[in-house]
Amino acid sequence: RDGAFTIFYMGINLGAFLCAFVCGTLGEKVGWHWGFGSAAVGMLAGLGFYEVDLSERVMFTDDRFHDLCGVPPEREEGVGPLEFWMEHLHPDDLDSVLHMREQLHSGNVGQLSLEYRFLHPARGETWIHHLARVARRDAAGRTVRSFGVLRDITETKRAEDALRDLS
């Protein structure tokens, strides 16, 4: 398992290293709109997307969402991914994340942008940046349908910690 994580993180670091060359080369040789466009495509590939329909009790997720959260196949039906996500929020972040989620669903805020720790079943503690919005509300203002994206920011948090330790 440790070997697999080493390969996984090597892939992330190699991708980060190579993207500078790809984006820079495209920018210099073809045009900066192509360079920045390729960077945008790379960033989009790292996002996990979801949509929740609370009235139908169903959640639509993509493969990247499943990977980011470690959702097992037996939890992919209905709102299983949502329940799995809530069960794996870090205990120290659980209350604040669920409070902000309730604020979104009750109509007190229009969107969310949160960073929190998540207990991935295979990778252990990871950091997630989570953006969410409401797509539809009922007559009382409660959320009927919402959508969002997740991004793994674990490496960024580790780099921030390392810089903080140096100072």
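In this predicted model, two aromatic pairs are counted. A pair of aromatic rings is described by the distance of the centres and the angle of the planes. For tryptophan 85 and tyrosine 116, the ring centres lie 6.1 Å apart and the planes stand at 75 degrees, so this pair is classed as edge-to-face; the cut-off for that class is an angle over 60 degrees. Tryptophan 85 belongs to helix 4 (residues 80-87) and tyrosine 116 to strand 3 (residues 111-120), so the pair ties together parts of the chain that are 31 residues apart in sequence. Both partners are hidden from the surroundings by the usual criterion, under 20% relative accessible area. Tryptophan 85 is buried because its relative accessible area is 5%, and tyrosine 116 is buried because its value is 0%.

It helps to step back and look at the whole chain. The secondary structure consists of six helices and five strands, and reading along the sequence gives the pattern α-α-β-β-α-α-α-β-β-β-α. The protein chain has 167 residues, of which 34% count as buried. Among the contacts with a separation of 6 or more, 45% are between residues 24 or more positions apart.

How are the five strands ordered in the sheet? They form an open sheet in the order 2-1-5-4-3, with antiparallel pairing. At the edges are strand 2 (58-61) and strand 3, each of which pairs on one side only. On average, neighbouring strands of this sheet are turned by 25 degrees against each other, ignoring direction.

Strand 1 (residues 48-53) is a good place to follow the pairing in detail. With strand 2, strand 1 shares four bridges in the antiparallel sense. Here aspartate 53 has valine 58 of strand 2 as its bridge partner, while tyrosine 50 stands opposite threonine 61, also in strand 2. These two strands form a hairpin with four residues between them, and arginine 57 in the turn has a positive phi of about 55 degrees. With strand 5, strand 1 pairs over six bridges, again in the antiparallel sense. Phenylalanine 49 finds its bridge partner there in valine 149.

Helices pack against this sheet. Helix 4, the home of tryptophan 85, touches strand 1, strand 2, strand 3, strand 4 (124-137) and strand 5 (143-152), and its direction makes about 80 degrees with that of strand 2. Helix 4 also meets another helix: its axis and that of helix 5 (residues 91-106) come within 10 Å and cross at roughly 140 degrees. The two helices are therefore described as oblique to each other. Where they meet, Leu82, Trp85 and Met86 of helix 4 face Leu94, Val97, Leu98 and Arg101 of helix 5. Tryptophan 85 thus appears in two settings, in the ring pair with tyrosine 116 and among the residues of helix 4 that meet helix 5.

Helix 6 (residues 154-166) lies across strand 3, strand 4 and strand 5, and runs at about 125 degrees to strand 4. Threonine 154 is part of helix 6. Is this residue buried or exposed? Threonine 154 is buried, because its relative accessible area is 3%. Leaving aside residues up to four places away in sequence, threonine 154 touches Thr126 and Trp127. The C-alpha atoms of threonine 154 and glutamate 125 are separated by 8.6 Å, although these residues are 29 residues apart along the chain. Tryptophan 127 has a further partner: the charged end of lysine 157 sits over its ring, 4.6 Å from the centre.

Key:
Residues numbered from 1 in each chain as written. Predicted model: local features only at pLDDT ≥ 70, side-chain atom pairs only at ≥ 80, totals over all residues. Heavy atoms only, no water. Phe/Tyr/Trp six-rings, centres within 6.5 Å; stacked < 30°, edge-to-face > 60°. Buried < 20%, exposed > 50% of the residue type's maximum accessible area, 1.4 Å probe, protein only. Lys NZ or Arg CZ within 6 Å of the ring centre and 35° of its normal. Pairing = 2+ DSSP bridges. Axes fitted to C-alpha atoms, helices over the stretch in contact; angles between N-to-C directions. Contact = heavy atoms within 4.5 Å. Parallel < 35°, antiparallel > 145°, perpendicular 65-115°, else oblique.
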